[in-house]
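Here is a short briefing to read beside the model. It goes from one helix to the sheets, then to single residues and the chain as a whole.

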Amino acid sequence: MLDYIRSNAQSFGVKVAFAIIILVFMFWGVGSLTDGGSSNVVAKVNGEPITAQQFEQAYQRAAEYAMRNDPSLTREALVQQKLGRQVLNELISAQLIRQEAARVGMTVSPEEMHYVVSRLPAFQDAQGKFDPGAYKRAIEAQRMSVAEYEQGLADSILRDKVMRTVAGSAWAAGDEARKYYDFLTQQRTVEYLYLPAADFAASVKPTGEEISAWYEAHKAELASQPRVEVEYVAVAPEALVRPESVDAGAARKWYEANQQRFRQPEQVKVAHILVPLAENASEAAVKQAMEKAARIRSEAEKGDFAAVADANNGPNAAGPGGELGWIQRGQTVKPFEDAAWALQPGQISEPVRSQFGLHIIKMEERKDASVQPFADVEAEVRATLAKQEGVEKVNDVLDSLIGDNINNRPLQESAARAGSYKDADGREQPLLKAERTGLVGQAELQKALGVSDEMAASLMKAPANSPVDTALEAGDRYLVVRVLASEPSTTPSLEQARDRVMKALVAEKSLQAAMEKATAIRKAMTGGTLPAEDAARVRSADLTRDGALAGFVPNPAMNQVIFRAAPQTWIDQAFSVYEQDDSSKGGALLCRVTAVEQPKADGWAGMANLLTELVQRKRVEGMYQTFMRMLEQKAKIEVYNSRVLESAGI
């Protein structure tokens, strides 16, 4: 029962390494695919077989991975979710990549394997060096051989190399990210007429038949949500050992052995004034910007740099006074970095041009590279060692808690055995404690525990007085959980729900009446002019592409139409909208665009790097997906052995 906990609780770094391992074996498999016997083949890719044994191994690992992450899953559910189809598709893709790599002479060298393995934290010792013993133990704890792991990892490295080669020519045009920024941040001014549904409520008189029909159609919505009460103990390594309990000598010794972790690179503290200038600006625009920058620099040298910066910087150019704070090499664009590091404290640079515009930089302070003294990092060192000691205790603590949970012993008493510490006021506090959620629905349960949607859903289905016989993962901690009480969903009778039904039905019909009225107003318009009584109710507001009109809940579908609409023309359709302060209140809205405001250059500076990276990543992903589709289209893929595949739901 506790094999999974033991193999994962030894080190949180192990989780990172084996996230790679499991995915490799789920979708890439182990060993060569050379058995061509027709009874043992599930598919052939360009004549090369994928064996039934290979498929079953990959499927088994995928199923184990899924069920470990969600103990409520059954193998029958995985079959229904077509897990087998996903595994087969990934095995076929892996085979295609192996073949393509062989065609172009691409391989994975032992040196590459060692480089990747030696840098995984799960396989390193306390000094950050590769530990062969830890490597072997971690792999065996996952019921794999070293050969199996290395074969799967080699396949994963090969896939990445192919991907990098394919996507190596991917590039984003210099202005593509800027165009994307302009697209996202363009703003439109909208005039609108809002007809609240509440204005039509008095005329809505639902009949008995309509009430009954609405009730029957919405029984599921009227039903109360199931609720459970859960008692749980959260266990994280850092909670089991307090930093102040770590021996001072041990902390000092660890610091001396790991000083490289506390090296501080050379840093400079700078402020700047930015004069925006597009990369492709005309000569006239460059000249004008340079003249402006020269004037600003002259003012800054004669007076207060911070005051001049505040008077000239845009809202996203820097902090108050032009401050950028402490920076290291590599954190800014190259022209800025070169100019900043060339200055002495107190000096102000000449205007420096980068992709963002012209920078006037002031050097304020400089710090040489150094190692942080032990006194400054002692708290961090103690916390690190405390967590390491806590990791070593996790197994035993979880074993004890789960055993007590299964035997229905009080979790509060079980938690107390983990020990205690004294707080700042000298009072004794438990290291671990049992907590209760109270009766809550699934969303509240998930928020309280920090578990996945699937895990919360499985707990909602558990009967009262049910101990969970394994530890649940919740971020960087484990939970030992007992379901104390369970309330099923119940559906009220029509009489019990009559008030709710009437309120919802009146709101629905009122909104329908408001939409019909708005549509009639739009049809009756002549020359794009509203009747006088309606024109007096028109309001105006600014709207961004992914934003909302002031006072209303966002309506993405309406925004799409507005950002395609021609200015000064009332849009032909009416939109149903809901009020921000009370989303149960809504109405109909007619609108038109009266002005289009282009994005400000100042905002681009703060978004340039992020959007450039995003555009580049989309190009890379798109090229790789296209490459895989081309391989699939050219390949001869045959599927055999329906008995094996049908058992996995294919």
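The expected span of a helix is 1.5 Å times one less than its number of residues. Helix H14 (residues 283-302) has 20 residues, and 28 Å is expected at 1.5 Å a residue. From first C-alpha to last, H14 reaches 29 Å, close to that value. The model is predicted. The chain holds 25 helices and 20 strands.

**Helix H14**

- The buried residues in H14 are Ala289, Ala293, Ile296, Arg297 and Ala300.
- Seen down the axis of H14, the buried residues fall within an arc of 105°, so they line one face of the helix.
- Three elements pack against the buried residues of H14: strand S6 (267-276), helix H15 (305-312) and strand S9 (357-367).
- The face of H14 turned away from the buried side carries exposed residues. They are Glu283, Ala284, Lys287, Gln288, Arg295 and Lys302.

**The three-stranded sheet**

- One open sheet has three strands in the order S2-S1-S20, with antiparallel pairing.
- Strand S2 (48-51) and strand S20 (637-639) are the edge strands, and each pairs on one side only.
- From one strand to the next, the twist averages 20°.
- Four bridges link strand S1 (residues 41-45) to S2 in the antiparallel sense.
- Val41 has Thr51 in S2 as its bridge partner.

**The four-stranded sheet and helix H21**

- Another open sheet has four strands, also with antiparallel pairing, in the order S17-S3-S19-S18.
- Strand S17 (539-544) and strand S18 (575-578) stand at the edges. Each has a single partner strand, so one side of each is left without a neighbour in the sheet.
- On average, neighbouring strands of this sheet are turned by 50° against each other, direction ignored.
- S18 and strand S19 (residues 586-597) run antiparallel and are joined by four bridges.
- Tyr578 has Gly586 in S19 as its bridge partner.
- Helix H21 (residues 494-524) lies across strand S3 (187-196), S18 and S19. The helix runs at about 45° to S19.

**Strand S16 and its partners**

- Strands of a sheet pair through backbone hydrogen bonds, either parallel or antiparallel.
- Strand S4 (residues 227-235) pairs with strand S16 (residues 477-487) in the antiparallel sense, over nine bridges.
- Within that pairing, Glu231 stands opposite Arg482 in S16.
- Strand S14 (residues 466-467) also pairs with S16, antiparallel and over two bridges.
- Arg482 in S16 is the bridge partner of Pro467. Arg482 thus appears in the pairing with Glu231 and in the pairing with Pro467.
- Strand S15 (residues 472-474) and S16 run antiparallel, joined by three bridges.
- Leu472 has Leu479 in S16 as its bridge partner.
- The hairpin of S15 and S16 has two residues between the strands. Gly475 in this hairpin takes a positive phi near 70°.

**Asn313: buried in a loop**

- Where is Asn313 found? Asn313 is in the loop between H15 and strand S7 (323-328).
- Is Asn313 buried or exposed? Its relative accessibility is 16%, so Asn313 counts as buried. The cut-off for buried is under 20%.
- The side chain of Asn313 reaches the backbone oxygen of His272 at 3.0 Å.
- Leaving out residues up to four places away in sequence, Asn313 touches His272, Ile273, Leu274, Ala318 and Gly322.

**Ser493: ahead of H21**

- Ser493 has its place in the loop between S16 and H21.
- Ser493 has 32% relative accessibility, so it counts as partly exposed. Partly exposed lies between the cut-offs of 20% and 50%.
- Which distance separates Ser493 from Lys219 in space? It is 9.2 Å, C-alpha to C-alpha, although the two are 274 residues apart in sequence.

**The chain as a whole**

- Of the 650 residues in the chain, 42% are buried.
- Consider contacts between residues at least 6 apart in sequence: 74% of them join residues at least 24 apart.

Terms used. Residues numbered from 1 in each chain as written. Predicted model: local features only at pLDDT ≥ 70, side-chain atom pairs only at ≥ 80, totals over all residues. Heavy atoms only, no water. Pairing = 2+ DSSP bridges. Axes fitted to C-alpha atoms, helices over the stretch in contact; angles between N-to-C directions. Buried < 20%, exposed > 50% of the residue type's maximum accessible area, 1.4 Å probe, protein only. Arc of directions from axis to C-beta. Contact = heavy atoms within 4.5 Å. Polar contact = N/O pair within 3.5 Å; in protein donor to acceptor, adjacent residues only side chain to side chain.
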